[in-house]
Every structure is written in C-alpha cells, then in structure tokens.
Amino acid sequence: MKNEEDDFYVGYLDNTSTKTKKTTRLFVVFSLLGLIAIASIFALTQNTFKNSTFELTTSTKITGVYHEMPYPMLKVKTAENTYKNILLLGFGKSSANPFLEKIRSKTPKLSGSILSIEGNLIYYNGKTLLQITNDEKISLVEKTNPNRLPKVEQVANNMEFKGEVIDPKCYFGVMKPGKGKIHRSCAALCIAGGIPPVLATNDENNISEYYLITDKKGNPIHKDILPYIGKPSLINGKVVRVEDWYQLQIDVNSIQDLNQPSKIY
Amino acid sequence: MGVNYQTVLWNRNKKIYDKWIILGMLIYLLCFIGITLITNPETSIETLIIRAFGTLAIALLHVILVIGPLVRLNSRFSPLLYNRRHLGVSMFLAALIHGGFSIFQFHSLGNVNPIYALFTSNMDYGSLTNFPFQVLGFFALIILFIMASTSHDFWLKNLSPKLWKRLHMMVYLAYTLVILHVFLGALQQQPSLWSISMLSLGFIIIAGLHIRTSLIESKTDKTKTEDIVDGWEYVCDIDEIPEDRAKIFIVNNERIAVFKYDNKLSAISNVCKHQGGPLGEGKVIDGCVTCPWHGYQYLPHNGQSPPPFTEKIATYNLKTENNKIYVHPEAMAEGTEVNPVII
C-alpha cells in the first residue's frame with residue numbers, strides 16, 4: 001500500500017499531490033481511450049441494417065379494393081392489369097380491425113368495396129403495408145362489387161419451408177431489426193394484438209419470400225402461433241396465392257422448432 | 001462532511017469530476033452514433049438510442065467496478081473514488097434510457113401492460129438459448145435504480161451504513177445480470193468475437209483486481225501477534241509508524257488503526273462511520289484522523305468527529321515498552337476518551 005505523505009488526497013481540499021494528479025490523469029486518459037475503443041467495437045460489429053422504410057411522419061392516401069382473405073388488405077392498381085395488395089395494420093401492436101369497425105358498421109359488406117385510407121406506409125423488398133391511426137381517415141369511395149376481389153389460386157397442396165415467423169409490421173420497416181430473439185417479445189405482442197403472422201424464408205441465393213400464415217381452413221391465426229415466433233422453424237402446409245401475396249395454410253402443431261439462431265435478413 | 005443535507009455538497013473537485021463524466025459520456029455517444037451512421041446508415045433512431053445508451057451503461061459499469069479495488073491497491077487512485085456516486089448515477093441514467101426505450105419499443109402499445117408483457121411475451125424460462133433475457137436487464141435496472149436513488153448521505157445515515165453498504169454491494173448482482181442480459185440477448189442474436197472478447201476481458205480485469213485486493217487484505221487480517229503480555233498485544237515498534245499516519249492491525253477479530261502524531265500514539269477502530277472507509281490508511285490533518293475515502297474526520301484520542309459533527313467510533317488503550325507498542329484488545333465504547341501515549 002503506497003501511502004507517501006504527500007500523496008494523501010482529501011476531496012474537499014485543493015492540495016492534491018503531483019503524483020496523485022498524474023495517476024488520476026492517466027486513469028482518465030486510459031478510460032477515455034477505452035470508451036472510444038468500446039464504442040468503436042460495439043458500433044462496428046453490428047449487423048447491417050436493411051433498407052426498410054416506415055414513413056412515421058408522412059401520411060399517404062391510398063385508394064383501392066378492400067378485402068379480407070382473411071386479413072384486411074387494400075388492392076391497389078399500380079399499372080394496367082397489375083395490382084398490389086397492401087396489408088392494413090392498426091396503430092402500435094394492433095390489427096387494422098378496431099379502426100375498420102366504424103366503416104364496417106356503415107357498410108355491412110365491406111369486402112369488394114373501394115376505400116380510401118390515409119395512413120403511414122411501411123415497405124421493404126416488394127411488400128407494402130399501411131398503418132391506420134385514425135378511423136376518420138377511412139372513407140367509402142364505391143360500394144361493394146365481388147368481381148373486384150383478387151383471385152385465389154392454389155400453388156401447392158403440401159410444401160415444407162424453413163424460415164422464421166415474424167410480425168410483418170416491424171419486419172417490413174417499423175423496427176430494425178424486426179426479427180430474431182431480441183425482437184421476439186415485440187413480435188409476439190404484435191401478433192397477439194391481431195397483426196397477421198408471416199413466414200419469412202431465405203433460399204441459398206439469399207432471396208426472401210414471405211407467406212401470410214392462416215389456419216388450415218384459411219382463417220386468421222394469432223394466439224396459437226405465439227410460441228413459434230422469432231425462431232427458425234420447419235413449417236409445412238398448403239400454399240395459395242392471392243395475387244402478389246402467398247398464403248400458407250398450416251396446422252400449428254406441426255411446426256418444428258429448429259433450435260437455431262435466427263438467420264433471415 | 002456536512003451537518004445538513006443538500007442535493008450535492010459541491011466543491012471544485014466534484015465539479016471537475018462531473019465535467020469529465022459528461023465529457024466521457026459525450027465522447028462515447030458521439031463515437032458510437034457517428035460510426036453507426038457512417039458505416040450502417042439504414043439504422044433507425046430508436047435502435048441507435050437503445051444500443052448507444054445500453055453499451056454506454058455497460059462501459060461505465062466496468063469503469064465503476066475497477067475504481068474500488070484500484071484505490072485499495074494504490075491510494076493515488078483516491079480522487080476517482082471521491083465522487084464515484086455521480087458516476088454511478090450517470091451510469092444508471094444511461095441504463096434507464098436504454099431500458100425505457102426498449103420497454104417502449106418492444107413491450108408497449110400492445111394489448112397488455114408493458115411490464116406484464118416483458119415477463120410474459122416470451123415464456124421460455126426453461127431454455128437457456130431462448131431465455132427471456134429482457135427480464136435479466138429489468139432486474140438489473142431495478143437494482144441500479146435502488147442504488148442511484150439511495151446514493152446520497154441522507155439515505156446512508158437513515159438506512160444505517162451497514163444496510164446501505166449491503167444494498168450497494170448489489171452492484172455485483174446487477175453486473176452479473178447485465179452480463180447475462182447481453183450474452184443471452186444481443187450477443188446471441190448477433191455474435192461477435194470482438195464484443196465477446198471485450199466483455200470477457202472486462203470480466204477478467206474486474207475479477208482479477210477484486211481477487212488481488214481480497215488476497216492482500218485477507219493476508220493482513222490473518223496476521224496475529226503471538227506476543228501477548230497480561231492481555232496486552234504487541235502490534236509493532238514505534239518507529240514503524242510514519243508521522244501523522246497509522247498502521248492497521250487485527251485485534252479481537254476487529255481492524256484497528258494505531259496513529260502516531262505530535263509525539264503521541266492513539267488507537268481507534270479502522271472503520272469509518274460514513275461508508276466503512278479504512279481510517280488506518282488516512283492521515284492526521286489539523287489534529288484529526290481524516291478518512292481517505294471521503295474525508296470524514298475523527299479526533300484520535302476519543303474517536304469523535306469534531307463538533308458540530310456527531311460520528312463516533314471505538315477507541316483502544318495503548319501502552320509502550322522499550323519502543324514497542326502494545327494494544328489492549330478490548331474496544332472502548334464509541335467516543336470514549338483515552339489518553340494518548342506520549343512518546
């Protein structure tokens with residue numbers, strides 16, 4: 001223990017010895033360099049963020065054919081005979097349904113009608129979603145016409161996929177990253193709140209495809225899939241295509257947890 | 001020292017200390033945010049805040065945890081200990097921003113209470129790889145909150161130094177929870193050899209310094225005199241103690257400090273009433289034994305803090321024979337006057 005007389009330090013006195021000052025300065029310099037090194041290592045070892053977008057502060061008005069097959073969507077014409085189906089979502093970790101109640105009460109057969117909705121766009125990798133934050137910003141443009149509904153075509157009766165169940169709202173733009181273990185709790189809350197579960201897959205060429213998950217009868221699925229969210233899994237089911245979106249109709253009990261770290265995106 | 005409580009009893013050294021804390025935190029945040037924006041510009045502001053403040057809190061926690069043993073090993077590090085509580089509160093604030101933003105981002109705006117959601121949205125408590133790491137961070141934040149909110153002499157006095165010290169020793173539990181939180185969360189999703197090595201090195205440094213300190217102190221604690229005459233224990237020769245300084249000994253399983261000053265010798269308890277600082281590593285300044293940790297003072301002949309302060313510590317009887325100092329191991333009641341031995 002070094003206790004030279006001139007080294008004794010009392011915080012409320014201004015008589016710090018030169019040696020103590022020097023030691024303190026060395027520690028401070030070393031600590032600052034350490035902080036810079038730690039900040040650099042943590043910053044440089046982060047995975048690359050994807051270029052997904054959430055237009056939180058910009059509102060966009062979109063007009064299209066509303067349908068629920070089974071999740072609320074808006075079919076929007078992007079070019080001649082080309083349509084894009086925009087997945088509708090609510091505010092926070094909620095589905096679009098609470099925001100659609102008002103217009104549903106006025107228009108009993110809402111599917112097939114043309115709606116104009118103002119909200120915040122979320123988009124990534126060819127998929128677009130719209131967050132609705134105010135039910136006053138949904139208006140009926142034309143009454144229902146079943147001929148406007150998208151066509152459903154069967155792709156495969158039973159296909160197996162390796163992928164991760166994600167909540168599309170966060171994955172396609174609201175959060176970065178919106179997948180994996182860190183995001184699992186958030187995704188579980190989103191899906192429990194009515195946001196449709198989506199299976200995100202990656203092939204060997206790193207090309208992703210996305211599948212809206214329903215039960216075997218094509219009905220919405222939420223609570224039953226919660227234990228499998230955010231984990232690489234093996235999932236099989238019937239694949240149908242609703243224009244630019246695939247749907248995967250599954251038996252939740254057949255999902256196999258692969259016990260692997262998340263690798264998508 | 002103070003006779004009444006103020007939010008902060010400011011002095012020049014505390015102000016300098018705080019300026020360096022702020023500068024250090026700003027440098028860290030600018031580095032982390034700057035590098036991320038340059039090398040990874042698609043980040044989101046929420047993620048940037050969560051990661052910048054989370055990693056800052058971890059870095060500061062390491063700095064805080066090395067200060068204690070460094071001061072025990074070399075008193076020239078004492079200025080770092082003097083205002084460490086402000087460093088602790090700053091670290092808590094960084095952790096709070098990290099935790100607050102994380103709870104808002106990941107657990108709020110759902111159909112259940114955010115805190116309930118934190119505990120229930122991932123129920124894989126039985127699995128190590130899938131364990132809900134957020135819960136570990138939450139408990140660490142609660143501990144850091146308790147420590148930060150009681151990081152004032154008002155609480156030290158009212159909770160009693162013993163309980164306060166025990167409460168603040170929970171920083172080691174918080175550190176363990178934080179490390180598990182990081183390894184089972186961020187590092188599991190985003191394994192990085194550099195980050196893992198850095199945190200492992202941090203652990204080795206902290207553990208190494210604490211082990212070294214504890215080995216040195218336990219060696220001192222085990223040193224017992226075999227020279228006992230009529231109940232008086234020989235401790236050392238007079239000239240082994242420097243002027244205005246002390247030597248620490250163990251008598252009756254208690255650490256005592258024998259001071260030499262003004263051609264006199266006095267023995268008092270080694271434990272400061274403030275935070276348990278080692279008075280035997282202190283110095284006699286203006287006739288008072290001054291604690292090396294925060295400058296609390298006691299009169300060597302009666303163990304009482306000079307008026308208007310009221311702290312009291314135990315005193316011991318001494319005698320000398322042939323340049324040898326003997327102490328009677330029975331502690332006198334705190335604040336008991338004992339005539340110094342004139343040498």
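Visitor: Does Leu33(A) count as buried or exposed, and why?

Guide: Leu33(A) counts as exposed because its relative accessibility is 54%. Here, buried means under 20% relative accessible area, exposed means over 50%, and partly exposed lies in between (1.4 Å probe, protein chains only). This is a predicted model, in which local features need pLDDT of at least 70 and side-chain atom pairs count only at pLDDT 80 or more, while totals for chains, interfaces and linings use all residues. Residues are numbered from 1 along each chain as its sequence is written, chains are lettered from A and ligands numbered from 1 in the order in which they are written, and side-chain values use heavy atoms, with hydrogens and water left out.

Visitor: Where is the place of Leu33(A) in chain A?

Guide: Leu33(A) lies in helix α1, residues 18-44 of chain A. Helices (H or I, at least four residues) and strands (E, at least two) are DSSP runs numbered from the N terminus.

Visitor: Which residues make the nonpolar surface patch with Leu33(A)?

Guide: Val29(A) and Ile36(A) join Leu33(A) in a nonpolar patch of about 250 Å². Patch residues have over 30% relative accessible area and no salt bridge; like charges are joined within 9 Å, and nonpolar side chains (Val, Leu, Ile, Met, Phe, Trp, Tyr) within 5 Å. A salt bridge is a side-chain nitrogen of Lys or Arg within 4 Å of a carboxyl oxygen of Asp or Glu. Accessible areas come from the Shrake-Rupley method with a 1.4 Å probe; for residues, only the protein chains shown count as cover.

Visitor: Turning to chain A as a whole, how many helices and strands are there?

Guide: Chain A has four helices and 13 strands. Its C-alpha trace spans about 95 × 40 × 35 Å along the principal axes. Of its 265 residues, 54% are buried.

Visitor: What share of the contacts in chain A join residues at least 24 apart?

Guide: The share is 73%, among contacts between residues at least 6 apart in sequence. Contact means heavy atoms within 4.5 Å.

Visitor: And what is the secondary structure of chain B?

Guide: Chain B comprises eleven helices and twelve strands. Buried residues account for 53% of its 343 residues. Chain B exposes about 16,200 Å², with 64% supplied by carbon and sulfur atoms.

Visitor: What pLDDT does chain B average?

Guide: Chain B averages 93, and 98% of the residues score at least 70. The pLDDT is the predictor's confidence in each residue, from 0 to 100. For the complex, the predictor gives an ipTM of 0.91 and a pTM of 0.89.
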